[in-house]
Amino acid sequence: MATAIALSGRGRGLSTPNPNVGCLIVRDGRIVGRGWTQAGGRPHAEAQALQEAVDRAHGATAYVTLEPCFHFSPRGPRCVDLLIRAGIARVVIAARDPDPRTDGQSIALLQSRGIRVEAGLMEMEARDAMAGFFLRQTTGRPHVTLKLALSLDGRIALADGSSRWITSTAARAHTHMERARHDAILVGAGTVRADSPRLDVRLAGLENRSPQPLMLGSGAPPQGWQVIRGPQEISELSCVDHVMVEGGAATAAAFLRADLVDRLLLYRAPILIGTGRASIGDIGLDRLEAAHGRWHLQDSRMLGPDRLEVYLRNRSA
C-alpha cells in the first residue's frame with residue numbers, strides 16, 4: 001500500500017477533477033500491474049494497473065488507495081466492474097470514497113461477488129496524499145499550501161524589496177517540485193506588478209506540469225492568469241484541488257486570517273536581514289494563547305544550506 005500511495009503522487013496536480021489514486025496488482029508476492037490516475041482524470045489507476053497485469057490479475061490482490069469508483073461515467077467504465085471482470089480475488093483499500101456516488105457501494109458490490117475486501121490500511125497516509133480531493137468533497141474547497149522563503153529573523157526581503165535570492169538553488173528546486181504537485185499557484189496583485197513572476201515549473205522533465213497562475217486582488221492580470229478577489233473564492237475554481245500560495249506578505253496574511261491554509265512550507269536561509277520586509281502581515285490574532293496548538297511539524301530536512309520545515313494545520317475534522 002505504501003508503494004500504491006507513492007504512485008498516487010504522480011497524478012497529483014494533473015488528475016483533477018478526479019482524485020490522484022494509486023493502484024498495485026500483486027500475485028504470488030510479485031507486482032504484476034501498477035497504475036495511477038492520469039492527466040485529466042482518465043484512465044483511472046485501477047484501469048491502468050489491470051491493463052498492465054492482463055491475465056495475471058486473475059486470483060490476484062489489488063491494493064488501491066481509494067475505494068474503486070461505483071458511479072457510471074461517459075468517460076470510462078466503473079473500476080469496480082473492471083476488478084470483478086478481471087477475476088481479482090482480494091481488494092485492499094486504504095480509504096473509503098466520501099463521494100456519495102460511491103461511498104461504500106463498491107465495497108458492498110465486491111463482497112457480494114465473493115471478493116475479499118479489507119479497508120483502512122494506511123488510511124491517513126492515503127488521505128494525506130489525496131488531501132485536495134477529500135477537502136473538496138467534505139468542505140467544498142481545495143487544499144491550500146502556503147510557501148514562505150525567509151531569513152532566520154523572518155524577513156522575505158530587504159527594506160527596498162530586494163529578495164533574489166534569499167534561499168539556495170536546492171531550496172528553489174524543491175519549490176519548483178512542489179509547484180508541479182499543485183493545480184494552481186497564487187500570488188497577490190502587488191507581487192504581480194512588482195516582480196512579474198512566471199510561476200511556472202523550471203525542472204527538467206516537469207516543465208509541462210506548470211500550475212494555473214492565479215492573482216489575488218484587482219486589476220488586469222497577465223495573459224492566461226485568473227483573478228480572484230478574496231481567499232474564499234478558491235472554492236469557485238474549476239478543476240482545482242490543490243492551491244499553492246507564494247506571495248506576498250499581505251496575501252499570506254489574508255489566507256491565514258481566513259483560516260484557509262492547511263499546510264505551511266517554510267524555507268529558512270541561514271542569514272539575518274534585520275530591518276526588512278516581514279513574511280506575514282496582520283492575521284487578526286488578538287490573544288497570544290490563540291496562536292498555540294494550531295500547527296504541528298510534519299517534516300524537517302536540510303536543502304543545501306537551508307532548512308525546510310513542513311507544518312500541517314490542526315483541525316478537528
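**Reading a fold, starting from histidine 143**

Colleague: Let's start with one residue. Leaving aside neighbours within four places in sequence, which residues is histidine 143 in contact with?

Modeller: Arg12, Ala131, Gly132, Leu135, Asp241, His242, Val243, Asp262 and Arg263 are the contacts of histidine 143 once those sequence neighbours are set aside. Keep in mind that this is a predicted model.

Colleague: Is histidine 143 buried or exposed, then?

Modeller: The idea is to look at relative accessible area: under 20% means buried, and over 50% means exposed. Histidine 143 has a relative accessible area of 8%, so it counts as buried. You'll find histidine 143 in strand E6.

Colleague: Ala131, Gly132 and Leu135 turned up among those contacts. Which helix are they in, and which of its residues are buried?

Modeller: A general point about helices helps here. An α-helix has 3.6 residues a turn, so residues three or four places apart point the same way. Now the case here: the helix is H6, residues 131-139, and its buried residues include Ala131, Gly132, Phe133, Phe134, Leu135 and Arg136.

Colleague: What covers the buried residues of H6?

Modeller: The cover includes strands E3 (61-66), E4 (90-95), E6 (143-150) and E11 (242-247), along with helix H5 (123-129). Right after H6 comes glycine 140, with a positive phi near 85 degrees.

Colleague: Let me try another helix. Which residues of H2 are buried, and what covers them?

Modeller: Helix H2 runs over residues 45-53, and Ala45, Glu46, Gln48, Ala49, Leu50 and Ala53 are buried in it. Among the elements covering them are strand E1 (22-27), strand E2 (30-36), E3 and helix H3 (79-85).

Colleague: What about backbone angles? Where does phi go positive in a residue other than glycine?

Modeller: Valine 54 is one such residue, with phi near 55 degrees. Valine 54 comes just after H2, in the loop between H2 and E3. At 57% relative accessibility, valine 54 is over the 50% cut-off, so it counts as exposed. Methionine 122 also has a positive phi, near 55 degrees, and lies in the loop between strand E5 (116-119) and H5. Methionine 122 counts as partly exposed, at 27% relative accessibility.

Colleague: And peptide bonds: which ones should I check for a cis form?

Modeller: Omega is the angle to read. The bond from threonine 16 to proline 17 is cis, with omega near 20 degrees. Proline 17 sits in the loop between helix H1 (2-8) and E1. Another cis bond joins arginine 42 to proline 43, where omega is about -5 degrees. Proline 43 belongs to the loop between E2 and H2.

Colleague: On to strands. How do E8 and E9 pair?

Modeller: Strand E8 (residues 184-188) and E9 pair in the parallel sense, over five bridges. To see the pairing in the model, find valine 187, which stands opposite methionine 215 in E9.

Colleague: Why is E9 described as largely enclosed?

Modeller: Four of the five residues of E9 (residues 212-216) are buried, so the rest of the structure largely encloses this strand.

Colleague: Now a residue in E14: how accessible is leucine 297?

Modeller: Leucine 297 is in strand E14 (residues 295-303), and at 47% relative accessibility it counts as partly exposed. Leaving aside neighbours within four places in sequence, leucine 297 is in contact with Glu309, Val310 and Tyr311. For a sense of scale, leucine 297 and glycine 35 are 262 residues apart in sequence and 31 Å apart in space, C-alpha to C-alpha.

Colleague: Let me zoom out. How many helices and strands does the protein have?

Modeller: There are nine helices and 15 strands. The radius of gyration is 21 Å, close to the 20 Å that the globule rule gives for 317 residues, so the protein is as compact as a globular protein of that length. Along the principal axes, the C-alpha trace spans about 70 × 45 × 35 Å.

Colleague: What share of the residues is buried, and what share of the contacts is long-range in sequence?

Modeller: Of the 317 residues, 51% count as buried. Among contacts with a separation of 6 or more, 72% come from residues 24 or more positions apart.

Colleague: Last one: what does the surface consist of, and how are the charges placed?

Modeller: About 15,000 Å² is exposed, and carbon and sulfur atoms supply 50% of it. The protein has 39 positive and 32 negative side chains, and the centres of those two sets lie 3 Å apart.

Technical notes:
Residues are numbered from 1 along each chain as its sequence is written. This is a predicted model: local features need pLDDT of at least 70, side-chain atom pairs count only at pLDDT 80 or more; totals for chains, interfaces and linings use all residues. Side-chain values use heavy atoms; hydrogens and water are left out. Helices (H or I, at least four residues) and strands (E, at least two) are DSSP runs, numbered from the N terminus. The radius of gyration is taken over C-alpha atoms; the globule rule is 2.2 Å times the number of residues to the power 0.38. Buried means under 20% relative accessible area, exposed over 50%, partly exposed in between (1.4 Å probe, protein chains only). Contact means heavy atoms within 4.5 Å. Accessible areas come from the Shrake-Rupley method with a 1.4 Å probe; for residues, only the protein chains shown count as cover. Lys and Arg count as positive and Asp and Glu as negative; His and the chain ends are not counted. The place of a charge is taken as NZ of Lys, CZ of Arg, CG of Asp or CD of Glu. Two strands pair if DSSP finds at least two bridges between them.
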